[in-house]
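Hi,

Here is the structure I promised to pass on. Have a look at it first, and my notes follow underneath.

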Amino acid sequence: MNVNFNRPVYLKEREGLIREIVSLADAIDFLEDWPEKDRDLVHEAVLKTCYMAHDGHKPLEVARDAIRAFGNKKGILMKQPAIQPWMIKTPTGGGRVSA
């Protein structure tokens, strides 16, 4: 299932690398890739919210808001204007770009 958000969320993966989260699948992939040692109750709650949206138990925008809040809480949420459309590589929906 690859349901797109109405607006992408941009999260910093590591120095110089931004991930564009455009869909529920991208959000789940990002959270599943999160290092085990850095997982906490916030991570668990957001991942659960995304899976509930995937299963139709929560609206898609609740999942988008949750991944956005996760990025904000972790200090990795990036503002969209800092990224130009030509900088984004999106072969499979979500891309990684140099920042």
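Which exposed residues does the face of α3 turned away from its buried side carry? They are Asn72 and Lys73. Please keep in mind that this is a predicted model.

Helix α3 is where I spent my time. It covers residues 60-74, 15 residues in total, and its first and last C-alpha atoms lie 21 Å apart, close to the 21 Å expected at 1.5 Å a residue. Its buried residues are Ala63, Arg64, Ala66, Ile67, Phe70 and Gly71. Looking down the axis of α3, you will find these buried residues within an arc of 160°, so they line one face of the helix.

What do the buried residues of α3 pack against? Their partners are β1 (4-14), α1 (24-33), α2 (41-54) and β3 (77-78). Just after the helix comes glycine 75, which has a positive phi of about 75°.

Then there is the core. The largest nonpolar core has 19 residues, and the members that touch the most others are Phe30, Cys50 and Ile67. At least two residues of this core come from each of β1, α1, α2 and α3, with α1 giving the most, at five residues.

Ile67 is a good residue to click on, as it belongs to both the buried set of α3 and the core. Leaving aside neighbours within four places in sequence, isoleucine 67 contacts Phe5, Val9, Leu11, Ala27, Phe30, Leu31 and Val46. Phe30 in that list is also among the core residues that touch the most other members.

Happy browsing, and best wishes

Terms used
Residues are numbered from 1 along each chain as its sequence is written. This is a predicted model: local features need pLDDT of at least 70, side-chain atom pairs count only at pLDDT 80 or more; totals for chains, interfaces and linings use all residues. Side-chain values use heavy atoms; hydrogens and water are left out. Helices (H or I, at least four residues) and strands (E, at least two) are DSSP runs, numbered from the N terminus. The expected span of a helix is 1.5 Å times one less than its number of residues. Buried means under 20% relative accessible area, exposed over 50%, partly exposed in between (1.4 Å probe, protein chains only). The arc is that of the directions from the helix axis to the C-beta atoms. Contact means heavy atoms within 4.5 Å. A nonpolar core is a set of buried Ala, Val, Leu, Ile, Met, Phe, Trp, Tyr and Cys residues joined through side-chain atoms within 4.5 Å.
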